[in-house]
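This report describes the overall build of one chain and the packing of one pair of its elements. The sequence and the structure are shown first.

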Amino acid sequence: MIGTLLALADEVPNEEALAISPTIGWLMLACAVCVALVLVMHAERWRRWWLTAEDPRGIAVFRIVFTFFVIANINGMWEFFEYLYTDEGIFTTDVARQVFAREQLAGYGDGLLPDDPEGFYDWAAVWQFLQGPKYSLLFFWDSPGFFWAHLWAFEISAVLFMIGFRTRLFGVLTWFLMNSILVRNHLAWEGTELVFRCMLAYLVLARSGQAYSVDNWLRCRKLRKQGRLSERDGPGGGAGVAPSEEHPQGLEPVYRLIPSWPRKLIMLQLATIYITTGTLKTGSVWMSGDSLYYALNLDHFYRLPPQFLSSLAGTTVFRGMTYAVKVGQTGFALILFGIITRWIIAQKLPPLSAARQWVTRIAFAGLVLGTAGIVFVAYPVHFTPPISAEAFAGLWIGVWAGLWLLWRKLTYRPFVVHKVLGRTLRRPATIDRVWVCKWILGRRVLLVWHLAFHAHIFTLMNVGQFQTGMLACTFAFLQGDEIATLLRDIGHRLSRVFPRTIGKLVPRSVVERAPILPAADPGLPSLRRDTSGLPQWALLVGLGGIVAGILVQVRFAPSWDYRFVWMGTAGVLAAVALWRARATRGQRLPVVDPQSGVVRAPWAYGPIGRAIVGGLLVWHISAVAVWLMPDKDCMKSFREPGRKAVATWLRNTTTDQGWGMFAPNPPRSNVFMKVLVTDASGHVWDLKTDVYAEEQKPIPWIWNTRLRKMNRRIIGGESGPTAWYQKWYARWECRNWAREHGGEAPRKVELVKVWYKIPSPEQTHDSGYYIAEDLLERSGHEKVSYTAHCEREVMGQLPNFIRERDGLPLLPEDEYRPWHKDKQRKWEAHLERRRKARAARRDEE
Amino acid sequence: MALIAVRLIDLAIFASLGTLWIGGAIFIVVLYRWILRFERERDPIAPDAVPVEAELAATPEPERAEPERIVPRVLPSNAHGALAGHV
């Protein structure tokens with residue numbers, strides 16, 4: 001009773017929070033403008049960071065490792081393929097279309113009634129489908145035969161992508177086929193799917209086939225035959241040679257340079273995952289440090305019984321580890337600050353003009369004040385520390401002022417350390433910006449945290465391919481020459497340990513630890529070094545256009561789509577880009593910057609390509625930021641309109657995302673689903689579908705199964721409205737029972753929620769550890785959540801098309817109860833409404 | 001008292017965690033040695049300051065014994081600044 005009341009209370013909106021949400025919205029917009037202003041002032045750094053070319057070996061290793069786990073992730077569902085993705089499974093074709101892509105396939109008839117033919121009703125229906133976002137072949141063809149052919153197409157495509165054969169083609173195919181499988185049914189989805197969908201989308205956009213691939217091997221072989229390849233011991237040393245009298249066409253490098261932005265987008269995405277999930281973990285269990293204890297004691301996850309360890313470490317070591325997770329996840333994004341700062345320092349770009357420096361300072365101060373304002377306004381409607389809002393906001397501003405002073409100190413008068421723990425250093429250590437970015441915010445610290453975090457989860461818990469996908473992203477943080485050096489050193493060491501086997505397999509240069517092959521010489525004349533770029537006034541116009549679009553929508557709410565303002569702004573910027581490209585045609589930047597003496601990386605694209613890709617990057621990063629705004633009442637007024645503006649883009653690019661894993665709190669009960677089937681003779685069978693049954697709980701748990709996730713989702717052990725799955729699952733059990741029992745349907749199927757409360761860490765510490773099976777026996781609860789009477793349940797009967805396949809006796813036509821959705825009438829009504837709305841708009845105008 | 005009921009499988013997690021921590025510590029030592037060596041080879045002019053004792057202890061013996069096997073790594077001068085900007 002109390003639980004129900006609390007659950008209802010959770011759904012009651014916080015009126016005070018709703019009231020302040022417009023103010024929060026304006027403050028957040030002001031903060032976003034400040035961030036944009038800082039970036040506009042640093043536009044040269046922004047475009048050099050995102051739009052230059054780099055060594056392809058980093059992303060190539062990521063391709064190989066990540067795609068291997070893409071395959072492993074899909075294959076991890078092998079035992080449920082037909083259940084999840086075919087017309088014999090939980091959702092028949094028409095039901096899958098209706099529950100997962102209702103709007104997109106609203107104009108597609110199911111053919112269940114004579115006046116509702118199967119197929120698209122008209123061209124408008126085709127157009128509606130093409131607008132996405134769920135492009136799955138399995139919405140149209142999903143017999144087991146077709147599914148297996150589809151799966152093999154995916155497997156072959158993914159293997160070819162992994163080895164780098166026709167890499168672009170098979171990369172796109174792998175992405176399409178993987179999503180074609182996944183979007184047919186969301187029942188088994190975990191955070192894992194989001195990781196693989198997002199990262200694969202970025203990977204497919206990278207030219208990852210230009211190293212460590214069959215494609216590059218074939219290319220080099222062909223060039224070598226033609227005498228056009230620059231090799232290790234020849235001219236250029238593998239990095240390519242410009243055309244000369246000796247080589248009129250020049251010599252091609254072994255590793256051509258590729259656009260660096262996809263790899264950097266993967267880095268940014270990983271940081272985004274962490275900061276989102278870290279900041280969403282605001283519940284009392286996280287704050288008290290008990291999350292690891294509860295997560296580890298979930299019977300659905302642990303590989304080995306953790307209760308004894310929990311009783312010893314639950315109130316001590318586990319709490320430290322919980323805080324290490326919380327702080328690490330929230331702070332991981334600082335890795336990008338470290339990387340980018342070091343990159344900026346190494347580039348030795350000329351300082352900004354005084355005016356731009358002041359604009360930057362004012363914008364940054366505005367950002368700090370804006371965020372302090374958000375805290376101040378939202379303070380009364382949130383759980384807060386026991387200090388006043390004024391004190392907290394003042395403290396916030398003070399922290400930033402302190403960081404600013406510290407940064408100046410590190411820049412102009414760095415600390416010099418002569419002694420550490422009483423030991424004199426041979427050379428004094430200078431604690432400057434570079435040192436901080438290496439040893440505090442560097443990859444060597446935060447990536448090691450990332451590895452340790454996932455290694456712990458992987459060792460203690462079984463959550464499928466989430467860890468492997470996340471760990472694979474580590475390679476995106478390494479540059480091509482680093483990867484090449486690492487591989488060479490590993491090969492070199494192995495060749496010394498196993499001289500007769502590995503020593504003979506690896507190249508001689510590796511055995512001898514010769515210098516790695518360089519990537520293409522950045523000075524090759526074929527590389528892009530034009531001087532074109534958008535002037536700063538154009539970028540400010542762009543920023544103004546984006547803000548103007550928002551203001552037009554909020555102030556006037558016009559009948560036309562306010563995003564036309566944004567499109568118009570993009571058009572203006574495109575025109576300026578074109579004008580600049582023409583005006584600077586023929587001009588080339590020097591290879592070595594005359595002021596800094598640093599070699600400039602060439603551009604990844606020409607001027608127009610940079611304008612397009614640069615614009616899309618700004619749009620995409622902004623879209624993800626808007627999408628991930630937390631679901632709070634104090635953001636209600638602008639969160640949904642903001643998400644609506646970017647939803648189509650993110651969903652169609654398969655980069656829509658949410659990272660609230662174990663947030664705000666982890667579950668504190670073990671929840672299972674029991675399925676009871678009453679057969680025709682009245683006998684009740686327990687199908688033993690969850691880990692309350694011994695046969696479903698192998699220890700140690702090595703191979704993951706999605707059964708547990710699906711059970712939680714169906715029976716209510718997951719967040720969100722998932723109870724609607726219950727009727728479809730019960731109906732499938734009705735059909736499946738009939739299928740396995742000569743066509744005879746059971747009387748009823750009952751879904752029972754079974755659960756028990758995990759004792760608190762203190763209880764386990766004080767009273768000693770518990771044995772899960774015993775505790776379930778002693779303190780478990782059961783509740784029937786859904787009952788399906790198979791005879792009268794919609795689609796609770798085994799349909800004749802499956803009976804025909806299996807050679808079972810057919811049902812009389814009137815005994816099967818299909819789900820009539822009346823789609824054609826609804827589609828025509830929808831078209832009519834749309835016509836009237838258009839006419840009304842015309843009249844208004 | 002509670003220990004009487006402990007099963008062998010309840011202790012297995014200690015072995016898992018112990019292996020992870022020992023293996024992880026070894027991995028971190030090997031990784032940091034590799035990073036420092038990589039940085040010395042990439043940018044031999046400005047090595048990081050490390051305690052004298054630690055530097056001596058970290059010097060791998062096999063490389064001293066067989067210096068002729070090590071071929072100094074030479075990045076092409078034109079590529080260094082452009083393509084190898086941040087560690």
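How many Å apart do the C-alpha centres of domain 1 of chain A and domain 2 of chain A lie? In this predicted model, the two centres are separated by 42 Å.

## Domains

The domain assignment splits chain A into three parts. Domain 1 is made of two segments, 20–52 and 354–431. Domain 2 covers 57–219, and domain 3 covers 669–809.

## Overall dimensions and secondary structure

Chain A contains 35 helices and ten strands. Along the principal axes, its C-alpha atoms occupy a box of roughly 90 × 80 × 65 Å.

The radius of gyration of chain A is 30 Å. For 845 residues, a compact globule would be expected to have a value near 28 Å, so chain A agrees with that expectation.

## Packing of helix 28 and helix 29

Helix 28 of chain A spans residues 607–627, and helix 29 of chain A spans residues 636–652. Their axes come within 9 Å and cross at roughly 125°. This angle lies between the limit of 115 degrees for roughly perpendicular and that of 145 for roughly antiparallel, and the two helices are therefore oblique to each other. Their crossing is left-handed.

Helix 28 of chain A contributes A:Ala623, A:Val626 and A:Trp627 to the contact. From helix 29 of chain A come A:Gly642, A:Arg643, A:Val646, A:Trp649 and A:Leu650. By class, the residues of this contact comprise six nonpolar, one polar and one charged.

Note on methods: Residues are numbered from 1 along each chain as its sequence is written. Chains are lettered from A and ligands numbered from 1 in the order in which they are written. This is a predicted model: local features need pLDDT of at least 70, side-chain atom pairs count only at pLDDT 80 or more; totals for chains, interfaces and linings use all residues. Domain bounds come from an automatic or database domain assignment. Axes are lines fitted to C-alpha atoms, for helices over the stretch in contact, and angles run from 0 to 180 degrees between N-to-C directions. Helices (H or I, at least four residues) and strands (E, at least two) are DSSP runs, numbered from the N terminus. Angles under 35 degrees count as roughly parallel, over 145 as roughly antiparallel, 65 to 115 as roughly perpendicular and the rest as oblique. A crossing is left-handed if the near helix is turned anticlockwise from the far one by less than a right angle, and right-handed if clockwise. Two residues are in contact if their C-beta atoms, placed from the backbone, lie within 7 Å. Ala, Val, Leu, Ile, Met, Phe, Trp, Tyr, Cys and Pro count as nonpolar, Asp, Glu, Lys and Arg as charged, and the others, Gly among them, as polar. The radius of gyration is taken over C-alpha atoms; the globule rule is 2.2 Å times the number of residues to the power 0.38.
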